[in-house]
Amino acid sequence: MKGVTILGATGSIGMSTLDVLRRHPERYRVVGLSANTEVERLAELCRMHHPQYAVMADARAAEQLRERLRKIDGGIEVLAGAAGLEIIAAHPDAAQVMAAIVGAAGLVPALAAVRAGKRLLLANKEALVMSGRIFMDEVRLHKAELLPVDSEHNAILQCLPILDGKALHELGVKRILLTASGGPFRAMPLEELHGVTPEQACAHPNWDMGRKISVDSATMMNKGLEVIEASWLFAVPPEQIQVVIHPQSVVHSMVEYVDGSILAQMGSPDMRTPIAYALAWPERIAAGVQRLNLFDVARLDFSAPDLVRFPCLRLAYEAMARGGTATTVLNAANEVAVQAFLDERLAFTAIPEVVEAALIEVPSRAASSLEVILDEDARARQWTQELIARRAA
Ligand SMILES: NC(=O)c1ccc[n+]([C@@H]2O[C@H](COP(=O)([O-])OP(=O)(O)OC[C@H]3O[C@@H](n4cnc5c(N)ncnc54)[C@H](OP(=O)(O)O)[C@@H]3O)[C@@H](O)[C@H]2O)c1
């Protein structure tokens, strides 16, 4: 029986993880669940899964949850805030921790799990984008096991032999082919993009996801963040990562070898497959996913990304080339701009403009410590908020 903690249990990845876990009660038990403000949903999950701990990042929400859970007989301990997240991330009863908080807020609790030497199932790509080198150094130092949950990175893992400390070039890998659906606006006339609404941006054609990552998919910033994530996870330079537009979302990514072979991982677009693979690796367990019918799929299309339509992808490559805290600034400015778009304070096409301005105006520094990263994140957020306010005035 392995204990599992889920950071961000009320989100899309958190709920899919719980769905996989409940299919294997003989293998897994839930140790900790967390949410930010969704008290009712976390209370419901506590009733279903009986964790030892429930954490609300928001202190007032924790009080409300405590009140709701008083009626459940099961002795669930309710904790609050950043301290509560770190306690469940590092708790000795949890061998595995799912990092599924969205955005920069997920970095510190994910690092707490790494420092406690856990198997970390990483959905929160922003953690690696913000602090790649420091994060990977901590993984090595604390002998944590880092398993990617992002479907692309999980697919790459599935197409590689067990690494055993070897570099990818020693295994004959030539490049990584990172697939992208192209999102809902892949074919929309460019002049119509300005008027796109949050509802349109969140209606992804193939994947059902949280709102922030849905907007990132629509701008293709998501793919940019994933290139950065892949570069740190697999220790490959960005030039060896090719983004490939593949609208069917059936091939989740590929690895090209020096002998001309390309290995692809395919399946229905359902996050329960990569979640199950990361949970059970190197074994495989049932995930409740509908099997892929190749006759229904019938054809697979591949094309090169359009960097004019999707400037966010170009910005991610540029931030990586600059190095230091530039990717921290990229991530912070993007989070602020996406929230402003979702709140209808910023046009869809202004997201890359704002991020580009932040990359130019907020000077990057050497990413020498977690404190520097968090400081830079706060600085870039404030700068971006002010820019958006000035644009609205
Ligand atoms: N969804 C996907 O298919 C998918 C695929 C690949 C990677 N990912 C990555 O996985 C992560 C989660 O994505 P998602 O789509 O599951 O997001 P989501 O549905 O928006 O869920 C986010 C979760 O994080 C919690 N949360 C939000 N802000 C927080 C804060 N400040 N402090 C603590 N907890 C906070 C939310 O709690 P409340 O419910 O209380 O707000 C919720 O549990 C993201 O990094 C995303 O890029 C997602």
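**Exercise 1.** State whether A319 is buried or exposed, and place A319 in the fold.

Solution. A319 has a relative accessible area of 0%, so A319 is buried. Buried means under 20% relative accessible area, exposed means over 50%, and partly exposed lies in between (1.4 Å probe, protein chains only). A319 sits in helix 13 (residues 311–322). Helices are DSSP runs (H or I, at least four residues), numbered from the N terminus.

The model is predicted: local features need pLDDT of at least 70, side-chain atom pairs count only at pLDDT 80 or more, and totals for chains, interfaces and linings use all residues. Residues are numbered from 1 along each chain as its sequence is written, and side-chain values use heavy atoms, with hydrogens and water left out.

**Exercise 2.** Classify D296 as buried or exposed.

Solution. D296 is in helix 12. With a relative accessible area of 65%, D296 is exposed. L294 also lies in helix 12, which spans residues 294–297.

**Exercise 3.** Find which parts the salt bridge between R68 and E40 ties together.

Solution. A salt bridge is a side-chain nitrogen of Lys or Arg within 4 Å of a carboxyl oxygen of Asp or Glu. In the bridge of R68 with E40, the closest N and O atoms are 2.4 Å apart. R68 belongs to helix 3 (residues 59–69) and E40 to helix 2 (residues 39–49), so the pair ties together parts that are 28 residues apart in sequence. R68 is partly exposed at 29% relative accessibility, and E40 is partly exposed at 43%.

**Exercise 4.** Describe the salt bridge of R272 with D270 and the network around it.

Solution. The closest N and O atoms of R272 and D270 are 2.8 Å apart. R272 is buried at 16% relative accessibility, and D270 is buried at 18%. Both residues belong to a network of salt bridges that also links D19, R22 and R23. The structure holds 30 salt bridges.

**Exercise 5.** Identify the backbone polar contacts of N36 and E38 with the ligand.

Solution. A polar contact is a pair of N or O atoms within 3.5 Å; within protein, one must be able to donate a hydrogen and the other to accept it, and residues adjacent in sequence count only if both atoms are side-chain atoms. A polar backbone atom of N36 is 2.8 Å from an oxygen atom of the ligand. For E38, a backbone N or O atom lies 2.9 Å from a ligand oxygen atom.

Methods:
Helix = DSSP H or I, 4+ residues; strand = E, 2+ residues; numbered from the N terminus.
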